[in-house]
Amino acid sequence: MVKLDVVHSANAALVQSQPLVAVFFGGTGGIGSYTLRALANAEAKSGGKGVRAYVVGRKPQAAEEILSACRKICPQGQFRFVQADDLSLIQGVDKVCAEIIELEEKEGQDARIDYLMLSQGGAIFLPRKDTKEGIDVTMSLLYYSRMRVILRLLPLLLKSNLPPRVVSVYAAGMEEKLFPDDLSLRDLKRYNYNQARSHMVYMHTLFMEALEQQNAGKIGLVHIFPGLVLGPGFQNPELPSWFRFIWRFIFVPLFGKMLTVPTEESGARMLSLASPRYAPKGGADFKKDEGIGGLATGTDGTPGSGVYALSWEGESNIKLKAYEKFNKDEMRKKVYDHTMNAFEVTAQGGVFTE
Ligand SMILES: NC(=O)c1ccc[n+]([C@@H]2O[C@H](COP(=O)([O-])OP(=O)(O)OC[C@H]3O[C@@H](n4cnc5c(N)ncnc54)[C@H](OP(=O)(O)O)[C@@H]3O)[C@@H](O)[C@H]2O)c1
């Protein structure tokens, strides 16, 4: 477990190293907003060199609350809301990314993204429901839309010399069954939330590895299970009512305090994933931050491989054995091609049916 004081010193070193440009998809609530706040706190407390942050979500009021809190904590920072209509639509993702690129390019030579967090979508345990683009809503918010954001913002990420970091907050380590011939899980006999989660976790690892191979040593990609973090997401009216009942009246009263990660700690831990411990392949620079310990183990089982699947404590939780059940190179290509096909079809206004 990465200790909390190490997390805080990594964050102090991060903000002292250079001005930061950070983008938070899903930053209007929950873990995205806690991470944004952690960044504002680190900037203010540790003499940061400046921050430019973009927060993406649907609700302007929620955005205003978190942005005004951050402006109070860190008046010298620039905090900006970019409103999304619906990030479960790939075209909705493209629209928001185009807006961020346009805003950032106004910075001229300085345009870049150093840290990209993806935490959009909180409603789980829903039955399969396709978007008008033909992708299951849950799988889109938690996987497809996130990979699309990375691809669209990649040119700006590659301009960072942090080196850049992408953090997708979801369910790393929860690989179970994989149906390679039905990656979209269109067969309703197979579809349930746990099965969809398993597919999304495999696909996170494999798609991120494909991106790493294409941009070797230039970007660090992380997906992480954040632990239980009690935020407003658990009151989301989109959640099934049985889940909200069990959660509110049974789980939280009985286990809430024992099992949860405090919101402030969660935000600080997510921000610390920008440290050299999770560097791109061959890209660690421990001179910037000597307190964070050695390189984390990557998804190929070796230290510092550039793609990391992590537990909430910042340690590798990749299920290596799950990936031994198939030819990993072939499966990586299959997942990559499937995902790129989904993007090609939907970007042209078509309906994805694969
Ligand atoms: N919290 C936990 O204990 C926990 C545990 C394990 C895994 N996770 C995973 O971690 C991620 C973040 O969790 P969280 O608790 O921070 O979730 P959350 O509080 O529900 O926040 C989700 C964010 O996504 C945005 N969002 C949701 N649907 C959207 C849509 N259709 N279009 C645009 N934006 C949308 C919300 O913004 P608006 O409301 O402004 O639209 C909000 O900012 C989720 O994927 C969750 O499954 C969380």
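**Group meeting: a ligand and the sheet beside α2**

Let me start at the ligand: one of its oxygen atoms is 3.0 Å from an N or O atom in the side chain of Arg 146, where a polar contact means a pair of N or O atoms within 3.5 Å; within protein, one must be able to donate a hydrogen and the other to accept it, and residues adjacent in sequence count only if both atoms are side-chain atoms. The protein covers 90% of the 880 Å² of accessible area that the ligand has on its own, using the Shrake-Rupley method with a 1.4 Å probe; for residues, only the protein chains shown count as cover.

Please keep in mind that this is a predicted model, in which local features need pLDDT of at least 70 and side-chain atom pairs count only at pLDDT 80 or more, while totals for chains, interfaces and linings use all residues. Numbering starts from 1 along each chain as its sequence is written, and side-chain values use heavy atoms, with hydrogens and water left out.

Back to the ligand. The backbone joins in too: an N or O atom of Ile 31 lies 2.7 Å from a ligand oxygen, and one of Val 229 lies 2.8 Å from a ligand oxygen. Around the ligand there are 26 residues, and Thr 28, Ile 31, Arg 58, Lys 59 and Val 229 come nearest; near here means a heavy atom within 4 Å. Which helix gives the most to this shell? That is α5, with 3 residues; α2 and α5 (137–157) each supply at least two. Helices (H or I, at least four residues) and strands (E, at least two) are DSSP runs, numbered from the N terminus.

Now the sheet. It is open, with 7 strands in the order β3-β2-β1-β4-β5-β6-β7 and parallel pairing; two strands pair if DSSP finds at least two bridges between them. At the edges stand β3 (78–83) and β7 (307–310), each with a single partner strand, so one side of each has no neighbour in the sheet. In the parallel pair of β1 (residues 20–25) and β4 (residues 115–118), 4 bridges join the strands, and Phe 25 has Leu 118 as its bridge partner in β4.

Finally, two backbone details for you to look up. Most residues other than glycine have a negative phi, and most peptide bonds are trans. Phe 125 has a positive phi of about 60°, and its place is the loop between β4 and α5. The peptide bond from Leu 162 to Pro 163 is cis, with omega near 5°, and Pro 163 lies in the loop between α5 and β5. Thanks, everyone!
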